[in-house]
Amino acid sequence: MQYIQINGGKALDGDINIHGAKNSVLPILAASVLIEGESVLHNCPDLSDVTACLKIIRSLGGSYIKSDSTLTVRADTVNRSVISKELMEEMRSSIVFLGSVSARCGSACMYLPGGCKIGARPIDLHLKALKTLGYKITFDGSNICCERASAHGGNVTLAFPSVGATENIILASVLLDGKTTIVNAAREPEIEDLANYLNSAGAKIRGAGNTVIEIEGVSHLYSTEHTVIPDRILASTIMSAVASAGGEAVLKNVSCTHLMPVLPVFDEMGAVMYAGKNELKIRFNNRPKAVKSVTTGVYPSFPTDSQAPVMAALCRARGTSVIKETIFENRLRHASELMRFGADIVVSERTAIVSGVRHLHGADVSCTDLRGGAALVVAALGAEGVSRINKVHHIDRGYENLEYLLASAGADIRRVNDEKEQQTKTEYPPCTSRRGNAKS
Ligand code: UD1
């Protein structure tokens, strides 16, 4: 068992490289099984969810080679269409293999997906949409089987712009003999990235990033090369860390366009920001100001995945902030852990009222889920004294070596291997800080 130890209360100062987007690379890896050839994917983050995806690809008969952040996936050898319960339960995103494996192999059988316990997370929209495309679905509440035989494409109107359902429809329809239209599609940048990857392999997808997406089926997809977009959620987590700890960071390899939904919130918090080409400098000269109201929503509204880290930063704000979660019904569980640092938060249904306090103190806390875990790191950086963050496997699902990234900006942070009661021999990076070296 590992935990993260943070000696907080020290301002950040340095450059932080933003890795590729988790929510892009996962559907792209699921899409790679559609390609009878090689996908060379650059800027892939090293995450436990990516490892889980690669295990699925291998279980289907595919293979991959990893070289730094480049993954080369070969799917021409894919010859199996059943995904085990164990592999499906490793993450929620495994559900997008339903569309790609059914389309590639003619059928797919799998168990209900796992993932963060942030809500009921049904898959009704996915199944209804695939039925509309002509796929035959059998679902007993746990096992799902999907057959392509009579699938033809069609017009799907989503009752809600679900990210995963939009991806599944794209994956299920690119190889069909017919045209598919998705109305009320999700508009997240990761959808556009998936479409760009598939189009580079010969797919005909138009309108990704808008509410209507049109897919004209093609008979084959060919070998391709693609670079995954930067992770906007990692970027907003680092921005929250700067708000919490104070100081300055330059985020390298970001898309400022993709950060548009969060920039006004950081502006209201009093951040001084400069956007450059593929980089963003952010500085907090004082404790953040409170934010009147942050409400999560579908893109281009404020992302639900950034809600927990921003809440953590607002715990030390000057004044009272109101945060409303509209996407997932159980996504405020980190609030009670944040209160262990001395935060003043009142949760009522899907709303959290955060009354900023001048000081947080170190605490022994446990990650509730992926982004809730990142929120605890953010709070600990701004808390005075030593904090211990347990259940860090949640964080590793979506952040590649978060402690290394933060140490490179001067944070006093390390991962400890609890079993041996000694620090793991992680080589921490040289500090890019202009103040001095990171402690390692
Ligand atoms: C994706 C992201 C996740 C992000 C979320 C919302 C990935 C790997 N994960 O998750 O990080 O928090 O988008 O931006 O990209 N819903 C239904 N029925 C369905 C599908 C969804 O009711 O069939 C509901 C969900 O319960 C939830 C809402 O729709 O309340 C949003 O879910 P969705 O957009 O599908 O999120 P995910 O694709 O699971």
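**Ligand contacts and an open sheet**

Reader: How many Å separate an oxygen atom of the ligand from an N or O atom in the side chain of Ser162?
Author: The model is a predicted one. Ser162 is among the residues closest to the ligand. Its side chain offers an N or O atom to an oxygen atom of the ligand, and the distance between the two is 2.6 Å.

Reader: Which residue places a backbone N or O atom 2.8 Å from an oxygen atom of the ligand?
Author: The ligand is surrounded by 18 residues, and the closest include Asp124, Asp305 and Ile327. With Arg331, an N or O atom of the side chain lies 3.4 Å from a ligand oxygen. The backbone contact at 2.8 Å belongs to Leu125.

Reader: What percentage of the ligand's accessible area does the protein cover?
Author: On its own, the ligand has 740 Å² of accessible area. Of this area, the protein covers 87%.

Reader: Why is one side of β2 and one side of β15 left without a neighbour in the sheet?
Author: The sheet is open, with four strands in the order β2-β14-β16-β15 and mixed pairing. Strands β2 (12-17) and β15 (272-276) are at its edges, so one side of each lacks a neighbour because each has a single partner strand.

Reader: Which residue of β14 stands opposite Asn17?
Author: β2 and β14 (residues 247-252) run parallel and are joined by six bridges. Across from Asn17, the residue in β14 is Lys252.

Reader: What angle does the direction of helix α8 make with that of β14?
Author: Helix α8 (residues 232-245) packs on the sheet and touches β2, β14, β15 and β16 (279-284). Its direction and that of β14 make an angle of about 170°.

Definitions and conventions:
Residues are numbered from 1 along each chain as its sequence is written. This is a predicted model: local features need pLDDT of at least 70, side-chain atom pairs count only at pLDDT 80 or more; totals for chains, interfaces and linings use all residues. Side-chain values use heavy atoms; hydrogens and water are left out. Two strands pair if DSSP finds at least two bridges between them. Helices (H or I, at least four residues) and strands (E, at least two) are DSSP runs, numbered from the N terminus. Contact means heavy atoms within 4.5 Å. Axes are lines fitted to C-alpha atoms, for helices over the stretch in contact, and angles run from 0 to 180 degrees between N-to-C directions. A residue is near a molecule or strand if one of its heavy atoms lies within 4 Å of it. A polar contact is a pair of N or O atoms within 3.5 Å; within protein, one must be able to donate a hydrogen and the other to accept it, and residues adjacent in sequence count only if both atoms are side-chain atoms. Accessible areas come from the Shrake-Rupley method with a 1.4 Å probe; for residues, only the protein chains shown count as cover.
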